[in-house]
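Student: I would like a close look at one part of this structure, namely the site of the ligand. Please describe what encloses the ligand, and then set that site beside the other cavities and the pockets.

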Amino acid sequence: MVLVIGPRLSAAGGVAITGVDLAAPLAAEPKARILDAFRDHHIVVFPDQALTREQQYGFARNFGEVEPSGQAGSKRHAVAHVISNLDKDGNPVDRSASPVGNYRWHTDKSWHSVPPLLTMLHAIELPPAGGDTEFANTVMAYAALAEQTKRRIAGLQVVFRWGSSGGNSIAATRNEPPVDHPLVRTHPETGSKALYLGNHASHIRGMPEAEGAAVLGELLEHATRRQFVYAHRWRKNDLVMWDNRCLLHRAVANYDMGKYRRVMHRSVVKGTVPF
Ligand code: SIN
C-alpha cells in the first residue's frame with residue numbers, strides 16, 4: 001500500500017489520506033506523514049476504513065492516551081464509544097435543540113482542565129443525505145481580527161463550565177466545576193494563536209457576565225464565518241480526525257433527525273493544558 005496525501009480540501013483545512021489500513025499497526029513513516037498532514041491541515045479524512053471499535057481505539061492510541069469510554073476492566077474500556085441520534089430503544093430522535101448538544105459550535109470537553117488534543121469519528125450509519133460535520137479554523141479567525149481587537153482580548157481568560165454558555169446555564173444539573181482557559185491559546189506545535197471559545201464558554205474572568213458573554217458571542221460569530229469553515233459530507237466508513245486546539249466544530253442538523261439513523265464511533269485523545 002502506498003500512502004497518498006491529497007490536495008487541501010478547503011481554505012479552512014482538511015486533507016484526505018488514502019493507501020493506509022487503519023486496522024493494521026501503523027509504522028513510523030506513515031505515522032509521521034499523518035502527523036505532518038494533521039499539523040498542516042487540522043482535519044484528516046481517511047475514506048473507506050472498515051474498522052471495529054477495538055481497531056479504531058488501537059489507531060487512536062498512536063497519538064496519545066485515549067480517553068476511556070467505560071471503567072477500566074469493563075467491556076467498553078478499550079473501544080471507541082458510540083454517538084448517535086438514537087434513543088434507548090434504537091429509534092431516531094431529534095435532539096438538535098439541546099443546549100448541550102453537538103449541534104452548537106464547540107470544541108470537545110473545553111470545560112475540562114486538560115481538554116483533548118484530537119477527536120476522531122468513524123461513520124457507521126448515515127442518513128441518505130445531510131448529517132454533515134462542520135469545522136471552523138480558529139487560527140484563521142484570530143489572524144483576521146483587527147489589531148485593536150487582538151489587543152483588547154490579549155490575556156483574557158474564559159470561564160468554561162459544562163452547560164453554561166453566554167449567560168444561559170443548565171450547569172446546576174451536573175456537578176462539573178468551572179475551569180479557566182485563555183481566550184487566545186497558542187498551538188503547542190505550530191506556535192499559532194487561536195481563539196478558544198464556543199458552547200460551554202460561560203463568561204470572561206473579571207468582566208461583568210453580560211459583557212463577557214457579548215464579547216464571546218461576537219467572536220464566535222466572527223470565527224464561524226463561512227470562509228473559515230470546512231464542511232465534511234460523510235460517506236460510510238470515513239474516519240475523520242481533527243485538532244481540537246485550533247478548530248471549533250458542530251454536527252449539522254441538515255437531515256430529518258426524527259426519521260433517519262446517524263451512528264458514529266468516536267475516540268478522543270488527551271491533550272495538554274491550553275496556554
Ligand atoms: C462531536 O461534536 O464530537 C461530534 C460531531 C458530529 O457528530 O458530527
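Tutor: The account below begins with the ligand and then turns to the cavities and pockets. The model is a predicted one.

The shell around the ligand consists of Ile83, Asn102, His106, Asp108, Leu121, Thr133, Trp242, His249, Ala251, Arg262 and Arg266. Sorted by class, this shell holds 4 nonpolar, 4 polar and 3 charged residues. Three members of the shell offer a side-chain N or O atom to an oxygen atom of the ligand. For Thr133, the separation between such a side-chain atom and a ligand oxygen is 2.6 Å. For His249, the corresponding distance is 3.0 Å, and for Asn102 it is 3.5 Å. The ligand, taken alone, exposes 260 Å², and the protein buries 99% of that area.

Where, then, does the ligand sit with respect to the cavities? The space that the ligand takes is the largest cavity. A search of the whole structure yields 2 cavities of 30 Å³ or more, and the largest cavity contains about 90 Å³ of space. Its lining is formed by Ile83, Asn102, His106, Asp108, Leu121, Thr133, Trp242, His249, Arg250, Ala251, Arg262 and Arg266. Arg250 is thus one of the residues that line the largest cavity. By class, the lining of the largest cavity comprises 4 nonpolar, 4 polar and 4 charged residues. Strand β16, residues 247-251, supplies the largest share of this lining, with 3 residues.

The second largest cavity has a volume of about 30 Å³. Its walls are made by Tyr57, Val66, Glu67, Val79, Ala80, His81, Arg266, Ser267 and Val268. Arg266 therefore deserves a particular note, because a lining residue is one with an atom within 4 Å of a grid point: Arg266 is listed for the largest cavity and also for the second largest cavity. Strand β17, residues 263-269, gives the most to the lining of the second largest cavity, with 3 residues. The classes in that lining are 5 nonpolar, 2 polar and 2 charged.

The pockets complete the picture. The largest pocket has a volume of about 620 Å³. It is lined by 26 residues, and those closest to its centre are Ile83, Val100, Gly101, Asn102 and Arg266. Among these, Ile83, Asn102 and Arg266 also belong to the shell around the ligand. The elements that give two or more residues to the lining of the largest pocket are β4 (81-84) and β17, and β4 gives the most, with 3 residues. By class, the lining of the largest pocket divides into 9 nonpolar, 11 polar and 6 charged residues.

The second largest pocket holds about 290 Å³ of space. Of its 17 lining residues, Ser165, Gly166, Gly198, Asn199 and Leu220 are the closest to its centre. Two or more residues of this lining come from each of β9 (168-169) and α5 (209-223), with α5 giving the most, 4 residues. The lining of the second largest pocket divides into 8 nonpolar, 8 polar and 1 charged.

To return to the part that was asked about, the ligand occupies the largest cavity, and oxygen atoms of the ligand pair with side-chain atoms of Thr133 at 2.6 Å, His249 at 3.0 Å and Asn102 at 3.5 Å.

Terms used:
Residues numbered from 1 in each chain as written. Predicted model: local features only at pLDDT ≥ 70, side-chain atom pairs only at ≥ 80, totals over all residues. Heavy atoms only, no water. Near = heavy atom within 4 Å. Polar contact = N/O pair within 3.5 Å; in protein donor to acceptor, adjacent residues only side chain to side chain. Areas by Shrake-Rupley, 256 points an atom, 1.4 Å probe, with all protein chains shown as cover. 1 Å grid on protein atoms, 1.4 Å probe; cavity = no way out; pocket = protein on both sides within 12 Å on 5 of 7 lines; lining within 4 Å. Sits in = over half its atoms within 2 Å of the grid points. Nonpolar A, V, L, I, M, F, W, Y, C, P; charged D, E, K, R; others polar. Points joined across faces, edges and corners; volume = space filled by probe spheres on them.
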